[in-house]
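Reader: Hey, I've just opened this one and I'm new to it. Can you walk me through it?

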2 protein chains.
Amino acid sequence: MVSITFMVNGSQVQISANVGDNLLAAAQRANVAIDAPCSGNGACGKCRVKLLSGELDSPRTRHISDEEYAQGWRLSCVSKVMGDVTVEVPDIASAYRSRMKVADISSPKELEIFNRTKAQIEAAGIEFGNDLSSLTVKMDPPTTDDTMPDNERLTWALQAATGAERVRFTYHALRALARVLRESDFEVRCVIEREGDAISVMDVLPAGDTAPVAGLVVDLGTTSVAALLVDMETGAVLSKASTGNGQIRYGADVINRIIESGREGGGERLQRAVIEESIRPLVQQMCASVGIPTRRVYRMALAGNTTMNHLLLGLYSEPVRMEPYIPSFFHCDDIRTSSLHMHLHPDARLILAPNIGSYVGGDITAGCFASMLWNKEELSLFIDLGTNGELVFGNNEFLMSCACSAGPAFEGGDISCGMRATDGAIDSMTIDPQTWEPSYTLIGDAAQPVGICGSGIIDIIAELFRCGIINGKGKFNREHKRVRFDEHGMGEYVIAFKEDTGAVRDVSINEVDIDNFIRAKGAIFSATMTMLSSMGMDPSVLEHVYVAGGIGSGINMKNAVTIGMLPDIDLDHFSYIGNSSLSGAYAMLTSVQSREKVDELARTMTYLELSTEPGYMDSFVAACFLPHTDANLFPSVSI
Amino acid sequence: MVSITFMVNGSQVQISANVGDNLLAAAQRANVAIDAPCSGNGACGKCRVKLLSGELDSPRTRHISDEEYAQGWRLSCVSKVMGDVTVEVPDIASAYRSRMKVADISSPKELEIFNRTKAQIEAAGIEFGNDLSSLTVKMDPPTTDDTMPDNERLTWALQAATGAERVRFTYHALRALARVLRESDFEVRCVIEREGDAISVMDVLPAGDTAPVAGLVVDLGTTSVAALLVDMETGAVLSKASTGNGQIRYGADVINRIIESGREGGGERLQRAVIEESIRPLVQQMCASVGIPTRRVYRMALAGNTTMNHLLLGLYSEPVRMEPYIPSFFHCDDIRTSSLHMHLHPDARLILAPNIGSYVGGDITAGCFASMLWNKEELSLFIDLGTNGELVFGNNEFLMSCACSAGPAFEGGDISCGMRATDGAIDSMTIDPQTWEPSYTLIGDAAQPVGICGSGIIDIIAELFRCGIINGKGKFNREHKRVRFDEHGMGEYVIAFKEDTGAVRDVSINEVDIDNFIRAKGAIFSATMTMLSSMGMDPSVLEHVYVAGGIGSGINMKNAVTIGMLPDIDLDHFSYIGNSSLSGAYAMLTSVQSREKVDELARTMTYLELSTEPGYMDSFVAACFLPHTDANLFPSVSI
C-alpha cells in the first residue's frame with residue numbers, strides 16, 4: 001500500500017492506494033473533486049493536477065506542454081500511482097464559483113426570450129397567473145373583551161379580504177405570527193398560497209414590507225445550470241445567473257453519474273454536489289443581487305433531463321440506465337424544497353417539469369412547451385442541443401419525441417479547447433479563403449479568446465470545410481502556418497497562438513475534436529431523418545425548426561446546414577430559441593395554466609426509441625461526413 | 001470583570017461576570033443547565049454546585065449540611081460571585097436521563113388506564129380507528145413492453161387494493177421506491193395515510209417487514225413528560241416512559257419560562273430543551289425497547305398546557321402571560337414533526353390537543369375527554385393536579401373550565417423533600433397517634449425513601465393534623481423526637497433520619513413545605529367552590545369527581561378531604577384517573593373520531609376567569625387552613 005495526499009485549497013486529504021492505481025479514481029474514492037468531463041478517457045485534458053512530490057507513471061499527453069510537464073502538471077486520468085505521492089488539485093469549487101455568472105438584466109437582450117415566451121403563451125390563450133401572492137390586512141388589536149387567539153384573528157381578516165373558506169398557517173408563519181402582529185400594530189403583509197377555497201399563509205411580514213414574493217426557476221443541465229429569480233406577483237425577472245453542474249466531477253455524462261449514484265452513499269454525493277455547489281450558490285448570488293434573503297423564495301420550478309431530476313432528488317437511478325429503462329417517476333408534485341435542503345422558504349414547493357421516459361425528460365417537455373410547436377397547425381421540429389440531443393416533431397395534433405447520444409460537444413465538451421457559451425468563448429468565426437486567417441467574435445468583454453463554444457465550433461468546421469482546409473471526413477489536407485500535424489499525423493488548426501494572446505496554450509481545433517463534433521452533428525441529423533421517415537415524411541414538410549440549448553445564440557444556421565447538422569431547407573425556417581428548458585420552467589413557475597399545459601403535453605407526447613428503429617444506425621453512419629455521404633440531401637452546400 | 005468557569009460533565013464553560021453577580025443567573029446566561037425548579041428563590045435547594053476554587057458569597061442554607069458546606073457545596077441561587085471562580089455543576093442531562101423511566105408494560109396495571117379509556121370511549125359510541133395503516137401489494141415487474149415508471153406502477157397496485165382515487169408519495173417514500181421494489185421483487189409493504197379519496201404513501205418497505213406502524217403519544221407537562229409508543233394499526237401500547245421536562249432549568253413555572261423565551265434566542269433554547277433533552281430521548285428509549293428505529297414513528301399526538309405547546313413550537317409566548325393573555329393559536333393542525341426536529345418519520349404529522357385559552361390548554365381538553373364527563377347526564381367535576389390546577393365542571397350539556405395557580409406542590413415542587421411519583425418516593429403514610437412514629441410505602445423497589453410525592457404529602461399533612469402534631473394553620477405544636485425547631489422557630493417533622501437510611505439528608509417536612517401545600521390545596525378548593533357558586537350550586541350536586549395528574553395513584557381521597565383539598569362528599573364519588581392528558585392524547589392519536597370529539601369539546605367549553613370572579617380571593621384565603629376556616633364545609637372531618 002502507498003499513500004496519496006491531495007492538497008486542495010489549503011487542506012489535505014490522504015488515502016491509501018495500491019501501486020498502479022489510477023490517480024483520478026483514487027481522488028474520486030477520496031471524494032476529492034477533480035474536473036473530469038470526459039470521464040477519464042484522456043480526451044478533454046481538464047483533470048490536471050500538479051505533482052509536488054513522489055512518483056506518478058504519467059505520459060505527457062497533447063494537453064500538457066513540455067513546460068507544463070516540467071512544472072509537474074499531469075493529467076490525473078492517465079496517471080498511475082507508483083509510490084507515496086503528493087499532488088496539488090486545482091480547487092474545483094472556486095473554479096465553479098468563478099464560472100458563475102450573474103447576468104446584467106438591465107440589458108434588454110437578456111430578458112427578451114422570457115418576454116417573448118410570455119407574449120406567445122398569452123397569445124395562445126394561456127393565462128399568466130399563479131397561486132402565490134401577498135396581501136396586507138389590518139386587524140383590531142385584542143382586548144380583554146376580545147381574546148381571540150392570533151391565528152384566528154388573522155384568519156378572520158384574511159377571510160374577509162379574500163372570501164377563502166379555510167385558512168391554514170405554515171409552521172414558519174405561525175412562528176412569526178405573535179411577534180410580527182405586535183411589532184406592526186396588527187397590520188401585516190401575508191404571503192399566501194391559494195388552493196381552491198383554502199389559503200395557506202406562508203409568511204407574516206410587517207405591513208411596510210415591500211420585498212418581492214420571489215420564485216426560482218432552474219434549468220438543470222448535465223453540464224450547466226441556469227436560473228432565474230422571478231417576482232411571482234408580476235412575472236418580472238429579477239435576476240438571472242448560470243454556473244456549472246457540480247456533479248461534473250463524477251463524469252460529464254449521465255451514465256457515469258448514475259453509476260456513481262449506485263455506489264454506497266453515491267446518491268447523496270451527487271445530490272449534494274448539484275444542490276450545494278450549483279443551485280444554492282446561484283440562489284445566494286441572485287438573492288444578494290436583489291437584496292433579499294433566500295427564504296423569501298416561496299416556490300421553485302425546475303426542468304432537467306430524467307437523470308438530472310432523479311439525481312437532484314437523490315433517487316436510486318440505476319433502473320433509468322439499465323434495460324428496461326424505468327424511472328422512479330414521470331410526474332412528481334409533492335416535494336418541498338426543504339426536503340432537498342435548498343434553503344429557500346421552508347415551505348416552498350418544488351414544481352418539476354414532467355419526464356416522459358428515461359431519455360426524454362422535463363427539459364424537453366418544458367422546452368417543447370416554450371417552443372409553441374404544439375400550438376400550430378404546421379409541422380415543426382424542436383431540437384434541444386444539450387449534453388444529449390433531443391428532438392420533438394409535431395404540431396397541434398400530435399407530438400413525437402426522440403433522443404440521441406450527441407455527447408457534450410455542443411456545449412464544448414469533448415473538444416480540447418471547448419467551453420460553454422460564456423465570457424471569452426469564440427462564438428462565431430470566418431476564415432479568409434485566401435490567407436486561411438481567422439476572424440472571430442468573443443462573448444463578453446474578453447480581450448483574448450479563452451476557448452470555443454458550440455456555435456463557434458460549427459463556424460470553424462464549416463469554414464475549414466468551405467475553404468477546403470479539411471475534407472469531408474474532417475481531416476486536414478496540408479500543412480500551413482495555422483495547420484500543423486503532430487507525431488501521429490493528427491492535424492490541428494490554430495485559431496489563436498499563445499504568443500499572440502499571452503495565454504498558456506494555443507486555442508485550436510484538432511482532428512479528434514472535429515471527429516467528435518461530426519459524430520454529434522451526425523446523431524442529430526440522423527435522428528431528424530429517422531423520425532421523419534417513421535412518419536413517411538422528409539425535411540420538406542418542416543414549416544419551422546426551433547433550435548434550443550447551450551450552443552449559444554450566435555449559432556449560424558447556414559453553417560449548421562453546411563456541416564450537415566440541420567436539414568437543408570430554407571434558412572428562414574430556422575429559429576434559435578435559446579434555453580427553452582429555462583423559459584418553459586419560467587412559464588410553469590409563473591402560470592398555473594402553463595404548468596397544466598406542460599403536464600398535458602407530457603401525457604400525450606409519444607417516444608420513438610431510435611436504437612430499435614430500423615435504419616437508424618445506417619443513417620447515423622451516413623451522416624458522419626461533411627455535409628453527408630449523400631450530397632443530394634444538401635443541394636445548397638456547394639464545395 | 002471576573003471569570004466564572006463551570007465544569008460540566010468533563011467539559012468547561014467560561015463566562016465573564018461582574019463582582020456580585022448571581023451565580024445561577026450567570027449559569028443561565030452561559031446556557032449551563034442547573035436544576036432550579038423554584039426559580040432561584042432559595043426554597044427548593046436543588047440548584048447545588050460544588051465550589052472548586054475561588055470565592056463565592058454564599059450563606060449556608062437549611063438545604064446544605066455543615067459537612068456538605070465544608071465539601072464546597074453551595075446553592076447557586078443564593079451565591080454571589082466575588083472573584084474568579086470555578087464550580088462543578090452536577091450534570092443535569094444525565095440527571096434527567098437517570099430520571100427517565102421506561103415502564104414495564106408486561107404489568108397489567110401500567111396499561112389498565114389505556115384499556116379502560118379505550119373501552120369507555122367505545123362504549124360512548126366512538127370508533128377506534130385512524131387513517132394510518134400498512135398494506136402489502138404485489139406488482140408485475142417492468143419489461144421492455146411495460147415501462148411504466150415505478151411510482152405509477154405502485155399507484156395502480158394501491159388503487160386496485162384500496163379503491164383510492166389519487167395516490168401521492170412523500171419524498172421519503174419516493175426515495176426508497178426504486179431500490180426497495182427491485183430488492184423485494186416488486187412485492188412491497190406500504191405505510192399509507194388515507195385522506196378522503198386519496199392516499200399518501202409514507203413508506204415503501206420490503207414485503208417481509210413486520211415492524212409495527214408506530215405512533216407517539218406525549219403528555220407534555222411543565223414538570224414531567226410522559227409518553228407512549230403505540231401500534232397505530234391495533235391501538236396496542238408498545239412502550240411507556242416518562243422523564244423530566246428539560247426546560248426546568250429555566251424555572252419551574254410557566255411564567256419564568258415565558259420570560260426566558262422572550263429573550264434573544266430564548267424561544268429556541270426552550271424549544272430545544274424540551275425536544276432534545278426530554279422528548280427525543282424518550283422516543284429513543286421507547287423505540288429501542290421495541291427494537292424499531294425512530295423513523296418508524298409515523299404520527300405524534302401531544303397534549304400540554306397552552307404555554308407548553310407554545311414553547312414546544314418555539315413561539316413568542318409573552319402575549320400568553322401578559323394581559324389580555326392571547327395565545328398564538330387554540331387549534332393548530334398543520335405541523336410536521338420534522339419542523340420541530342423530532343427525528344421521527346420525516347413526514348409524521350403532529351396532532352396537538354386544542355387549547356381553549358391561555359390558562360386552559362390541551363392537557364385539559366384531552367384530559368376532560370378521557371374523563372368521560374361529557375358523556376353523562378350527572379354533573380361531575382374533573383380536577384387536573386399538574387403544576388397548575390385546572391378544573392372542568394359539567395355534563396353532556398355544558399362544560400365550564402377554570403384554572404388556579406396551585407403551584408408545583410402536587411408534583412413535589414416547592415417542597416424541600418418533594419419529588420415526582422417515581423421510584424423511591426413516599427406515596428402513602430400513616431402516623432401512630434401515640435408514638436408519632438410514621439409508617440410509609442415507597443414507589444418501586446427502593447429500600448429507603450428518596451423524597452415525598454404529592455400523594456405522600458397529602459397523607460403526611462392529614463396525619464400530622466389528625467394526630468394533633470400540627471394545628472389548622474400547619475404549625476407544629478411542640479417538640480418531639482421527630483419534631484424539631486430551627487433557630488428561627490420553624491418546625492419540622494422528620495420521616496426518615498439519615499442515620500437510619502444512610503442518606504445524606506433526612507427526609508422531612510417543614511412548616512414552609514406545609515404552608516406551600518396548604519396554599520396549593522386552598523387554590524384547588526376555592527376554585528371548586530367558586531365555579532359551583534357561579535352556577536348557584538354547591539358540592540352536593542357532584543355526582544362524580546375525577547382527580548387526574550402526577551400526584552400519584554396512591555392518593556388517599558379521605559386524607560385529601562381531611563386537609564380540605566377536595567369537597568367533603570361521599571368518598572365513593574371520587575376516582576383517580578391517572579394521567580388523563582396522556583390517555584386523552586392516546587385516544588386522539590389512535591381514533592379519528594376521538595380527535596374530532598376533543599375538538600368539539602374545546603369549541604364548546606367555556607372558561608371562568610377566577611381572578612375577576614367576585615369572592616374568589618376571599619374564598620382562597622378562607623381555604624388556606626386545615627381543613628377550612630369554615631368547619632361546616634367539612635362535617636366529616638372531626639378533630
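Reader: How much area is buried between chain B and chain A?

Author: About 3400 Å² is buried between chain B and chain A, and carbon and sulfur atoms give 58% of that. Bear in mind that this is a predicted model.

Reader: Which residues of chain B lose the most area to chain A?

Author: Tyr171(B), Arg175(B) and Asp334(B) do, and together they make up 19% of what that side buries.

Reader: And how many residues does the contact take from each chain?

Author: The contact takes 42 residues from chain B, and chain A gives 42 residues as well.

Reader: OK, so how do the copies superpose? What rotation puts chain B on chain A?

Author: A rotation of 180° does it, with 0.0 Å of shift along the axis, and the RMSD is 0.2 Å. The two copies are thus related as by a two-fold rotation axis. The same surface serves both of them, since 100% of the contact residues of chain B recur in chain A.

Reader: What about charges? How many salt bridges are found across the interface of chain B and chain A?

Author: Four salt bridges are found across that interface. Take the side chains of Asp334(B) and Arg168(A), which meet in a salt bridge at 3.3 Å, N to O. Asp334(B) came up a moment ago among the residues that lose the most area to chain A.

Reader: And how many residue pairs are in polar contact between chain B and chain A?

Author: The count is 16 residue pairs, with both residues at pLDDT 80 or more.

Reader: Which elements give two or more residues to the side of chain B that touches chain A?

Author: In chain B they are helix H5 (150-162), strand S8 (166-169), helix H6 (171-183), helix H7 (254-262) and helix H8 (266-290). H6(B) gives the most to that side, with seven residues.

Reader: Let's leave the interface. How many salt bridges are there over all chains?

Author: The count comes to 49 over all chains. In one of them, the side chains of Asp150(A) and Arg182(A) meet at 2.9 Å, N to O.

Reader: Where in the chain do Asp150(A) and Arg182(A) sit?

Author: Asp150(A) is in helix H5 (residues 150-162) of chain A and Arg182(A) is in helix H6 (residues 171-183) of chain A, so the pair links distant parts of the chain, 32 residues apart.

Reader: Is Asp150(A) buried or exposed?

Author: Asp150(A) is buried, because its relative accessible area is 0%. Its partner Arg182(A) has 26% relative accessibility, so Arg182(A) counts as partly exposed.

Reader: What about Glu276(A) and Arg272(A), how far apart are they in helix H8?

Author: They are four residues apart in helix H8 (residues 266-290) of chain A, so about one helical turn separates them. Their side chains meet in a salt bridge at 3.1 Å, N to O. Glu276(A) counts as partly exposed at 34% relative accessibility, and Arg272(A) counts as partly exposed too, at 47%.

Reader: Got a salt bridge in chain B?

Author: Sure, the side chains of Arg60(B) and Asp66(B) meet in one at 2.7 Å, N to O. Asp66(B) is exposed, with a relative accessible area of 55%, while Arg60(B) counts as partly exposed at 43%.

Reader: Which residues do salt bridges that share partners join into one network?

Author: Asp131(A), Glu193(A), Glu195(A), Arg299(A) and Arg349(A) are joined that way.

Reader: Switching topic: how many residues has the largest nonpolar core?

Author: The largest nonpolar core has 69 residues. Phe410(A), Ile461(A), Leu464(A), Tyr493(A), Phe517(A), Met565(A) and Leu566(A) have the most contacts inside it. Helix H14 (residues 511-534) of chain A gives the most to this core, with 11 residues.

Reader: What is Phe517(A) in contact with?

Author: Leaving aside neighbours within four places in sequence, its contacts include Phe410(A), Ile457(A), Ile461(A) and Ile563(A). Apart from this core lies another, of 68 residues, among them Leu379(B), Val545(B), Ile555(B) and Ile569(B).

Reader: Last one: where does Ser594(A) lie?

Author: Ser594(A) lies in helix H17 (residues 592-604) of chain A. Its relative accessibility is 0%, so Ser594(A) counts as buried. A polar contact of 2.8 Å joins its side chain to that of Ser591(A). Not counting residues up to four places away in sequence, Ser594(A) touches several others, including Ile121(A), Phe128(A), Phe369(A) and Met588(A).

Notes:
Residues are numbered from 1 along each chain as its sequence is written. Chains are lettered from A and ligands numbered from 1 in the order in which they are written. This is a predicted model: local features need pLDDT of at least 70, side-chain atom pairs count only at pLDDT 80 or more; totals for chains, interfaces and linings use all residues. Side-chain values use heavy atoms; hydrogens and water are left out. A nonpolar core is a set of buried Ala, Val, Leu, Ile, Met, Phe, Trp, Tyr and Cys residues joined through side-chain atoms within 4.5 Å. Buried means under 20% relative accessible area, exposed over 50%, partly exposed in between (1.4 Å probe, protein chains only). Contact means heavy atoms within 4.5 Å. Copies are superposed by least squares on the C-alpha atoms of residues with pLDDT of at least 70 in both. Buried area is the accessible area (1.4 Å probe) that two parts lose on being put together, summed over both. A polar contact is a pair of N or O atoms within 3.5 Å; within protein, one must be able to donate a hydrogen and the other to accept it, and residues adjacent in sequence count only if both atoms are side-chain atoms.
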